[in-house]
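These are my notes on the model you sent, set out as numbered points. Please read them with the coordinates open.

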Amino acid sequence: MRTDRALLRDSLLAAALAAASVTLSAAGGHGSHGGPGEAALLVLACAPVAARRRWPLAALCLAQLPIVLLGALDSDTGLAGLAGLILLYTVAAHRGLAIALTGLSVATIGYFTSASLSASSMMWTSHALTTLVGVAVWGTGRSVRLRRAYLEELKDRAARLERARDADTRAARAEERSRIARELHDVVAHHVSVMTVQAAAARKVLTANPDLAGEALTAIEETGRLAMNEMRNIVGVLRTDSPSGPPERGPQPGLRDLPALVDQMREAGLPIELEVEGASVVPAGVDLAAYRLVQEGLTNSLRHAGPGARARVSVRQAPRELTLLVEDDGRGSSTEQADRTGHGLVGIRERVALYGGILRVGPRTGGGFEVRATFPLKDG
């Protein structure tokens with residue numbers, strides 16, 4: 001459809017040029033061989049414009065023959081010269097350098113052949129000006145082609161970078177999901193293990209209705225063990241095999257470990273102010289996710305805030321939500337600021353979304369950067 005519209009436009013242009021050339025030639029009454037023959041040559045000189053997009057070089061070559069004959073007949077070329085310039089521009093703008101140079105040579109040879117066969121004499125300055133115009137039109141076409149190629153290269157490069165960025169993001173998310181799965185495994189396994197131990201102890205000490213109580217507690221114990229085994233099997237599918245050995249068995253960090261984390265970051269050179277409001281126990285999964293968020297936020301500030309920056313960590317626990325804020329007043333370079341939304345914060349976004357929280361990451365009002373998250377807390 002687009003090609004058909006271009007062909008229609010070019011055909012209309014060729015017809016308009018031919019009609020104008022014939023009209024001007026008839027009005028001028030120039031030449032000794034006027035009449036239908038001259039009009040036919042003018043039409044033949046303008047007609048190739050209709051095929052300029054599909055066969056630009058062939059159209060340019062076809063247009064030169066009637067122009068040379070018009071020169072030999074010393075006839076008025078009308079707008080046939082303009083048609084030749086349009087064809088020369090098309091060859092330069094839509095074909096490679098070799099074909100474009102061939103088109104320039106054909107147009108130059110055609111012009112000087114027509115001028116040499118014409119009985120009319122022209123000043124050398126007129127020939128020089130005509131040649132200069134032809135070279136300028138050819139150069140404009142080459143410039144348009146080079147710019148078009150440059151823009152296409154930029155688009156292709158941007159598309160490649162976008163695909164690479166998407167692949168990196170997917171890899172980061174997959175890696176973070178694997179780490180989340182490992183940590184959730186440890187958290188849930190701890191609680192299930194506690195449940196199993198408590199149920200087993202209760203079964204041993206209960207004396208009232210020992211048979212019924214024993215059966216119930218035995219069921220609790222067996223269910224807890226079964227749930228733990230199933231959980232390990234399911235989460236194990238999500239975990240990446242590690243060649244370094246079995247998974248860690250130590251307790252996972254939480255909000256209680258924030259002072260130690262802050263001290264560690266202070267020793268690394270980042271002044272930090274820590275504010276904690278509320279001391280209730282939060283769910284283990286949220287506790288771990290909150291710690292990781294603060295850890296990533298402070299690491300982000302340490303890497304990108306720049307020298308002399310200060311950071312602040314605020315933890316506020318309300319009855320139904322937990323709010324965390326990690327912010328700094330650093331400036332850093334433009335490259336460092338652009339790197340602040342890297343893979344680590346992609347993983348933090350996954351963690352917050354896992355517990356139904358809301359995360360905001362970005363520049364802080366008045367300068368610096370902030371990571372703010374709100375986790376919903378269930379009653380009891």
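1. The model is a predicted one, and I began with helix α5. On one side of α5, Ala98, Ile109 and Ser116 are exposed, whereas Ala100, Gly103, Leu104, Ala107, Gly110 and Ser114 of α5 are buried. These buried residues lie on the same side of α5, because they cover an arc of only 130° around the axis. An α-helix has 3.6 residues a turn, so residues three or four places apart point the same way.

2. The length of α5 also bears checking. Helix α5 runs over residues 97-117, and at 1.5 Å a residue its 21 residues should span 30 Å; the end C-alpha atoms are 30 Å apart, which agrees with that expectation.

3. Helix α2, residues 36-46, can be described in a similar way. Its buried residues are Glu38, Leu41, Leu42, Ala45 and Cys46, and since they cover an arc of only 130° around the axis, they are placed on the same side of α2. Pro36 and Leu44, on the other side of α2, are exposed.

4. Turning to the interior, the largest nonpolar core holds 31 residues, of which Leu293 and Leu298 touch the most other members. Two or more residues are given to this core by each of α8 (258-267), α9 (284-304), β2 (311-317), β3 (321-328), α11 (343-354), β4 (358-363) and β5 (369-376), with α9 providing the largest share, seven residues. Not counting residues up to four places away in sequence, Leu293 touches Leu324, Val326, Ile348, Val352, Leu359, Val371 and Ala373. Apart from this core lies another, of 19 residues, which includes Ala14, Cys46, Ala59 and Ala107.

5. Which residues does Asp287 contact, leaving aside its neighbours within four places in sequence? They are Pro253, Gly254, Leu255, Arg256 and Val282. Asp287 lies in helix α9 and is buried, its relative accessible area being 12%.

6. As for the cysteines, Cys46 is buried at a relative accessible area of 0%, while Cys61 is partly exposed at 36%. A search of the whole structure finds zero disulfides.

7. The count of salt bridges comes to 16. One of them joins Arg157 to Glu153, with the closest N and O atoms 4.0 Å apart; because the two are four residues apart in helix α6 (residues 124-205), about one helical turn separates them. Arg157 is partly exposed, with 42% relative accessibility, and Glu153 is partly exposed as well, with 35%.

8. Two further salt bridges involve strands. Glu277 and Arg316 meet through their side chains at 3.5 Å, N to O, and this pair links distant parts of the chain, since Glu277 is in strand β1 (residues 272-277) and Arg316 in strand β2, 39 residues apart. Glu277 counts as partly exposed at 43% relative accessibility, as does Arg316 at 37%. The side chains of Arg360 and Glu370 meet at 2.7 Å, N to O; Arg360 lies in strand β4 and Glu370 in strand β5, so this salt bridge ties together parts that are ten residues apart in sequence. Here Arg360 is partly exposed, at 38% relative accessibility, whereas Glu370 is buried, at 8%.

9. Finally, salt bridges that share partners join Glu275, Glu277, Arg312, Arg316, Glu327 and Arg364 into one network.

Technical notes:
Residues numbered from 1 in each chain as written. Predicted model: local features only at pLDDT ≥ 70, side-chain atom pairs only at ≥ 80, totals over all residues. Heavy atoms only, no water. Disulfide = S-S within 2.5 Å. Buried < 20%, exposed > 50% of the residue type's maximum accessible area, 1.4 Å probe, protein only. Core = buried A, V, L, I, M, F, W, Y, C linked by side-chain atoms within 4.5 Å. Contact = heavy atoms within 4.5 Å. Expected span 1.5 Å × (residues − 1). Arc of directions from axis to C-beta.
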